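User: I should like to learn how to read internal cavities and charged pairs in a protein model. Could we work through one case together?

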Amino acid sequence: MSAPYDVITMGRIGVDLYPLRTGVPLAQVDVFGKFLGGSATNVAVASARLGHRVAVITRTGQDPFGDYLHQALREFEVDDRWVTPVERYPTPVTFCEVFPPDDFPLYFYRRPKAPDLEIHTHELDLDAIRAARIFWMTGTGLCAEPSRSATLAALEARGASGTTVFDLDWRPMFWPTASGADPGDPGDLGDADPRELYARALRHATVAVGNLDECEVAVGEREPYAAARALLAAGVELAVVKQGPKGVLALHRDGTRAEVPPVPVEVVNGLGAGDAFGGALCHGLLAGWELERIMRYANAAGAIVAGRLACSSAMPYDTEVAQVVAGGPVPAQDPAQEPAQAPVPSPTPSPGTPS
C-alpha cells in the first residue's frame with residue numbers, strides 16, 4: 001500500500017461557469033469562464049495548493065465535461081483515481097451571478113441526478129480512507145442514496161483514526177423535504193430527515209465546520225456559542241462556526257477557544273472563500289498549530305479567494321496566505337483573470353461563504 005494521503009475529500013464535483021464581468025445579470029452575460037467546481041473538490045484543490053498529498057472521491061458524467069474535470073484535477077495535483085464515470089447522468093454544471101460585495105446567486109444544474117450522488121459503498125477504498133490523516137466529507141453527500149450509505153460507511157470505517165471533518169454544507173435545494181421537489185421524479189432522493197442524518201455523521205466526526213444556517217440545521221442552534229457547544233455535545237472535538245462578517249468562532253472540547261475577525265478585502269466573488277478556508281483548516285490541523293493560529297490562517301486564505309473571480313484556480317499558496325497573516329496586502333490575482341468591472345470594496349468579507 002502507498003503512503004497514506006494527507007487529505008481525502010468526498011463529495012460534490014462539477015463545472016463552474018462564471019461570468020467574466022461582474023455586476024451583470026446572468027441573462028445578459030455573454031462570456032463565461034470554465035472552472036473545476038464542487039465544494040469537496042475545491043477543498044481538495046486548496047489542500048494540494050498548500051503542499052499536501054490529496055485525493056478526492058466523487059463521480060462525473062461520462063462526457064466531455066467529465067474529461068475536463070479529470071484534466072483539471074491532475075493539473076491541480078489532486079489524485080483522481082477514485083473519480084469514476086456514471087454513464088446515465090451528465091456532469092453537473094453550476095452558473096453564478098456576481099454582484100460584489102455580497103450577492104452571488106447560484107444556479108445548480110444537477111438533474112435528473114448528479115453523478116456524485118452515485119458513489120457506492122462497495123467502490124470505496126476503505127483502507128485508504130481509514131489511513132488518511134484527514135478525511136473530509138460533506139452534508140450534501142447525505143442527501144441521497146447510494147451516496148448517503150457510502151458516506152456513512154466511510155465515516156464508520158474511520159473509527160477513531162486521524163481527523164474526520166464534517167463540512168455541514170447545507171444545500172436545501174438538494175433535499176426534497178426542504179426544497180419541495182417531487183420525490184417520484186427520475187432523480188428520486190428519498191424523504192430522509194437531514195437533522196437525523198447530520199446527527200449520525202456528527203457521532204463519527206472529530207471536527208464540524210459550518211455557517212450559522214448550517215449549524216441551525218445540524219443542531220438547532222444559530223447563536224454562535226450555543227451552536228458550537230451543541231456540536232461538541234453531538235460528538236465532535238472541535239466546532240468551527242463561521243459568522244460571515246463577524247469572523248469565525250472555534251471551540252474545542254478541551255475548553256480552548258478562538259474568535260477571529262475577518263480579513264478586509266475587496267470582494268470579487270465570495271463563493272470559493274469557504275473552500276479555501278477548509279483547505280487552510282486542514283493545513284493547520286496537519287501542522288498541529290494552536291487553534292487561534294489555524295483560524296487566522298484559514299481566514300486569510302478565505303479572504304484571498306474572495307478577492308478573486310474563480311474558486312478552484314484561485315486557491316492560494318502558502319506564501320500568499322503567510323503574507324496576509326503577517327499583515328501584508330491581500331495578493332491580487334493574475335491580471336489576465338481580472339473581471340471586467342472593478343470590485344466593490346468591503347471592510348467585512350465573509351470567508352465562510354460556502355460554494
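Analyst: Let us begin with residue classes: Asp, Glu, Lys and Arg count as charged, Ala, Val, Leu, Ile, Met, Phe, Trp, Tyr, Cys and Pro as nonpolar, and the others, Gly among them, as polar. The model is predicted. In the lining of its largest cavity, six residues are nonpolar, seven are polar and three are charged.

User: How many cavities of 30 Å³ or more are there, and how much space lies in the largest?

Analyst: There are three cavities of that volume or more, and the largest holds about 120 Å³. Its lining comprises 16 residues, of which R12, D16, G38, T94 and F108 are the closest to the centre.

User: Which element supplies the largest share of that lining?

Analyst: Strand β2 does, with three residues. At least two residues each come from β2 (14–19), α1 (39–49) and β8 (106–109).

User: How should I read the charged pairs?

Analyst: Side chains of opposite charge can pair when their charged atoms come close. Here the count is 15 salt bridges. One of them joins D6 to R133, with the closest N and O atoms 3.2 Å apart. These partners are 127 residues apart: D6 lies in the segment before β1 (7–10), and R133 in the loop between α3 (126–131) and β9 (134–138).

User: Is D6 buried or exposed?

Analyst: D6 counts as buried because its relative accessibility is 15%, under the 20% cut-off. R133, at 40%, is partly exposed.

User: Which residues form a network of salt bridges?

Analyst: R12, D169 and R171 are linked in this way. R12 is also among the residues closest to the centre of the largest cavity.

Conventions: Residues numbered from 1 in each chain as written. Predicted model: local features only at pLDDT ≥ 70, side-chain atom pairs only at ≥ 80, totals over all residues. Heavy atoms only, no water. 1 Å grid on protein atoms, 1.4 Å probe; cavity = no way out; pocket = protein on both sides within 12 Å on 5 of 7 lines; lining within 4 Å. Points joined across faces, edges and corners; volume = space filled by probe spheres on them. Helix = DSSP H or I, 4+ residues; strand = E, 2+ residues; numbered from the N terminus. Salt bridge = Lys/Arg side-chain N within 4 Å of Asp/Glu carboxyl O. Buried < 20%, exposed > 50% of the residue type's maximum accessible area, 1.4 Å probe, protein only.
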